[in-house]
Amino acid sequence: MVATVIYHKKVSIDQIGGQPGGGSPLLGEPLAIEFANTRYAVRGRFREGIDTPDHLTAWLRDHSPAPGPGLLVDAAEVETFRALREAIRGLCQACVDARSGDGKHVEVLNAAAAAAAQWPQLRCAGSAYAVSEHTRGNGADTALAAIARDAIGILGGPLRNQIRACQAPGCVLFFVKDHPRRRWCSAGCGNRARAARHYQRHRATVP
Ligand SMILES: [Zn+2]
């Protein structure tokens, strides 16, 4: 099943066409992959999905890696999150290329995972128990660590073999292949790729 690409805050491609920043794709991928895709492209031109603290705050709230009130980020934290994103993108690309990842990217990822310790706590709930996760980190650190932990789980487990880079013209998104026939990040990219192939074939047959 190929996902349908929609854009953060229901911002259409046409609306973001002339405005860099925000509007990251929402593919329904695992948290870390979705975060990697906040650097995306429209018609072959790179876009920055977390250009400002407001973009990052909105993205984190909507993806809930650190639920709860009080999530505020500043410009320095935007840089920290972007560094994590580039590390995840670099390591995903290394998976796609079947080569070992950059040690510096691994360092950035591990540092982010350690930004906020988290531990489970048990609580009596009638005749059963409830488990909740606790941290002493602030909202931004907790979110950074949650994204990094998700990335470590993917890259360090069997899903690493399913990471793909979309091959549609001009697309730079990653996805986790969840169906044997899935080749594109979204149905829209599949359509564009088929149209491009059709155009190439047609050109090749016209003298
Ligand atoms: Zn794509």
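Begin by selecting helices H4 and H6, whose axes come within 11 Å and cross at roughly 5°; the axes are lines fitted to C-alpha atoms, for helices over the stretch in contact, and the angles run from 0 to 180 degrees between N-to-C directions. This is a predicted model, in which local features need pLDDT of at least 70 and side-chain atom pairs count only at pLDDT 80 or more, while totals for chains, interfaces and linings use all residues. Residues are numbered from 1 along each chain as its sequence is written. Helices (H or I, at least four residues) and strands (E, at least two) are DSSP runs, numbered from the N terminus.

H4 and H6 are therefore roughly parallel to each other, given that angles under 35 degrees count as roughly parallel, over 145 as roughly antiparallel, 65 to 115 as roughly perpendicular and the rest as oblique. To display their contact, select Glu 77, Thr 80, Phe 81, Leu 84, Ile 88, Leu 91 and Cys 95 in H4, which meet Ala 140, Leu 144, Ile 147, Ala 148, Ala 151 and Leu 155 in H6; two residues are in contact if their C-beta atoms, placed from the backbone, lie within 7 Å. These residues divide into 11 nonpolar, one polar and one charged (Ala, Val, Leu, Ile, Met, Phe, Trp, Tyr, Cys and Pro count as nonpolar, Asp, Glu, Lys and Arg as charged, and the others, Gly among them, as polar).

Next, keep H4 and add H5, which packs against H4 at an angle of about 130°, with the axes 9 Å apart. H4 and H5 are therefore oblique to each other. In H4, select Ala 83, Leu 84, Ala 87, Ile 88, Gly 90 and Leu 91, which meet His 105, Val 108, Leu 109 and Ala 112 in H5. The residues of this contact divide into eight nonpolar, two polar and no charged.

Now select H5 alone, residues 103-113, where His 105, Val 108, Leu 109, Ala 112 and Ala 113 are buried (20 or more other C-beta atoms within 10 Å of the residue's own, against 12 or fewer for exposed and partly exposed in between, with C-beta atoms placed from the backbone). Seen down the axis of H5, the buried residues fall within an arc of 135°, so they line one face of the helix; the arc is that of the directions from the helix axis to the C-beta atoms. Turn to the other side of H5 to find Gly 103, Lys 104, Glu 107 and Asn 110 exposed. Bring back helix H4 (75-96) and helix H6 (139-155), which are among what covers the buried residues of H5.
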